[in-house]
Amino acid sequence: MLVKTFGSAVYGVEAITITIEVNVSAGQGYQIVGLPDNAIRESLQRTESAIKTNDFDMPRTKIVVNLAPADIRKSGSSFDLPIALGILGASEQLENVEALKEYVIMGELSLDGSIQPIKGALPIAIQARKEGFKGLIVPKANAREAGMVNNLNVYGVEHLDEVVAFFADENSLQPVIVNTREEFFGDQYLFEFDFTDVKGQENIKRALEIAAAGGHNAILIGPPGAGKTMLAKRLPTILPPLSLQEALETTKIHSVAGKLPEHSALISKRPFRSPHHTISDVALVGGGGVPQPGEISLAHNGVLFLDELPEFKRTVLEVMRQPMEERRVTISRAKIALDFPANFMLIASMNPCPCGYYNHPEKECTCGPGMVQKYLNKVSGPLLDRIDLHVEVTPVAFSELSNQQQGENSASIRERVIKAREIQSQRYNGENGVYANAQMSSKQLREICRISSVGENLLKRAMEKLNLSARAYDRILKVSRTIADLSGSEDIQPEHLAEAIHYRSLDREGWAG
């Protein structure tokens, strides 16, 4: 007897419905075809044990399982459950076999029949709804995540017996109901950190506010213990909240990577990813035999923080250059090319030299001649070209550390950032893929960032006097436009330009000379 069940395979951040055809016929042996990987080939042992343990009969005749379309490689153990149900249906041990066609079924089986979690439940649910399936059966651990998709009955199951009972009586299980909006808005403003904890460092807080308002990349340069990491960790608390669409995009990526927080159905806060400097190229941008999203995609719609930037391998930093421009990364393999979104803010931190005390107000730098420049040269010019704000972090004085007065909290700063983003949203309305000043093209820059003759003279003198490189010009104009937005000004004033020029430390020739 031939029975069809339906599963799903995730490629990139999208799912493709897979038809699992099971035929039990005369003969002997077990075959699984349709480009399965080793995990799927091993499913025989898991399904046989689960079927026998739960008092069903494993057919001793010939069993052929086909995963269609047969020319797409399938991977993972999440096809165990639909294969087991197909075997039970084809051997006439399952009631209401016709109902199998109405559901997408996914789950990994343990030897006792219990069902283990899978990756990518959210894109699978979205595809199931798109193709008009009546429902989706997934492991209970993934039910809330898949339940975010409305107009689709999602059933969470823990054991093979529950699924068999469900096809005998569809009322034996109740669909999961998730209040998407309540789930989304409930945790949006619950943060572990807050800018009110920061003593002093007003100029750094201001720089991060500008970065958040315009979506600018920033690098913090300063001695050890000055507070670079502490300040960077608080950046997500002042970013505008995720929209529901952004939250679903972000959740899909984390779902595919199997990185969704436990008991969480929807990521409602902007991600903050901080990979260690020993990370490989593939782990950062994504890839592998079956391409998986890397750190830059996991930071989509959020912040990627690279602490101790010069300690990262040169090749790792260079592979980021194209994704930073295009805000997506394409992973190409012999038979497949996948796109992963990678729209993130890059925040980096570094010491000014190997010993860490170059330009320190009190401690003397012990680095030899040329060592400072050699250390800074570990970060390439093309990468620095994509970083708008270079911020020098100085140590906090004891008088500020011991001050009991609390600083401005994140909520107040976030309000100003949201207002500036609203101005930009109106400005770039209708511009595809542009929603913040940092994403302006050269053509838009000439139209939007016009400056007065006084401003032009100021910028000309600054570039000559401070030996600013030519690449700093565009960045200064973009940052000054954001500063003007924060102050509610329609035009870029000379004082906005002056502040933007201040944030180009590493462009000054001889900065480390």
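Here are four short exercises with worked solutions on the predicted model shown above.

Residues are numbered from 1 along each chain as its sequence is written, and side-chain values use heavy atoms, without hydrogens and water. Because this is a predicted model, local features need pLDDT of at least 70 and side-chain atom pairs pLDDT 80 or more, while totals for chains, interfaces and linings use all residues.

**Exercise 1: a helix face**

Find which residues of helix 6 are buried, and where they lie around the helix.

*Solution.* Start with the terms: helices (H or I, at least four residues) and strands (E, at least two) are DSSP runs, numbered from the N terminus. Buried means under 20% relative accessible area, with exposed over 50% and partly exposed in between (1.4 Å probe, protein chains only). Helix 6 covers residues 160–168, and L160, V163, V164, F166 and F167 are buried there. Now look down the axis: these buried residues fall within an arc of 155° (taken from the directions from the axis to the C-beta atoms), so they line one face of the helix.

**Exercise 2: two helices**

Describe how helix 4 and helix 10 meet.

*Solution.* First, take the axes, lines fitted to C-alpha atoms over the stretch in contact, with angles from 0 to 180 degrees between N-to-C directions. Those of helix 4 (residues 121–130) and helix 10 (residues 244–257) come within 7 Å and cross at roughly 115°. Next, list the contacts (heavy atoms within 4.5 Å): A121, L122, P123 and I126 of helix 4 meet L248, T251, K252, S255 and V256 of helix 10.

**Exercise 3: a histidine in a loop**

Is H216 buried or exposed, and which side chains make polar contacts with the H216 side chain?

*Solution.* Locate H216 in the loop between helix 8 (202–214) and strand 10 (218–221). Its relative accessibility is 0%, so H216 counts as buried. For polar contacts, look for N or O atoms within 3.5 Å; within protein, one must be able to donate a hydrogen and the other to accept it, and residues adjacent in sequence count only if both atoms are side-chain atoms. The H216 side chain has such contacts with the side chains of D388 at 2.6 Å and T482 at 2.7 Å.

**Exercise 4: an arginine in a helix**

Which backbone oxygen does the side chain of R481 reach?

*Solution.* Go to helix 21 (residues 472–486), where R481 lies. At 3% relative accessibility, R481 counts as buried. Follow its side chain to the backbone oxygen of E490, at 2.9 Å.
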